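Trainee: Could you walk me through reading a helix, a pocket and a core?
Mentor: Gladly; let us take them in turn.

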Amino acid sequence: MTYFNGFPSWRMALWAIEVWGAVLGSVLLLLRSGYAVLVFALSLLGLIGSLLYGFVLADVSYPEIVVTGGMWFTLAIAVVAVLVLIYARAMRQRGVLR
């Protein structure tokens, strides 16, 4: 718990944008709203910011993350986020989303 409490507030804000943006984007996608594209894009920006902090700016080295496969899991999340954004854009261009 100390690890998470040590995060700067801007990093926690990015995490909140990332997670809740993905949830809201999914709901908007189910409701066929064109705003899903914008919300998914903001969520992806939050993810990029979180990754930047976690793997570049943090004062902690991450050998346990790399060794245990955590980096692959993080990469999978990023790939899914990009694919969902691409899907939402395609559905908006086809007129499925209003």
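**Reading a helix, a pocket and a core**

Mentor: Helix H2 (residues 9-30) has 22 residues, which at 1.5 Å a residue should span 32 Å, and the 31 Å between its end C-alpha atoms agrees. The expected span is 1.5 Å times one less than the number of residues, and helices are DSSP runs of H or I, at least four residues, numbered from the N terminus. This is a predicted model, where local features need pLDDT of at least 70, side-chain atom pairs count only at pLDDT 80 or more, and totals for chains, interfaces and linings use all residues. Residues are numbered from 1 along each chain as its sequence is written, and side-chain values use heavy atoms, leaving out hydrogens and water.

Trainee: Which residues of H2 are buried?
Mentor: An α-helix has 3.6 residues a turn, so residues three or four places apart point the same way. In H2, the buried ones (under 20% relative accessible area, 1.4 Å probe, protein chains only) are Arg 11, Glu 18, Gly 21, Gly 25 and Leu 28. Helix H3 (35-57) is part of what covers them.

Trainee: What follows H2?
Mentor: Arg 32, with a positive phi near 60°.

Trainee: Which residues have the most contacts inside the largest nonpolar core?
Mentor: In soluble globular proteins, nonpolar side chains tend to be buried together. Here the core (buried Ala, Val, Leu, Ile, Met, Phe, Trp, Tyr and Cys joined through side-chain atoms within 4.5 Å) has 13 residues, and Val 37, Phe 40, Leu 44, Leu 47 and Leu 85 have the most contacts inside it. H3 gives the most to this core, six residues.

Conventions. Helices (H or I, at least four residues) and strands (E, at least two) are DSSP runs, numbered from the N terminus. Buried means under 20% relative accessible area, exposed over 50%, partly exposed in between (1.4 Å probe, protein chains only). Contact means heavy atoms within 4.5 Å.
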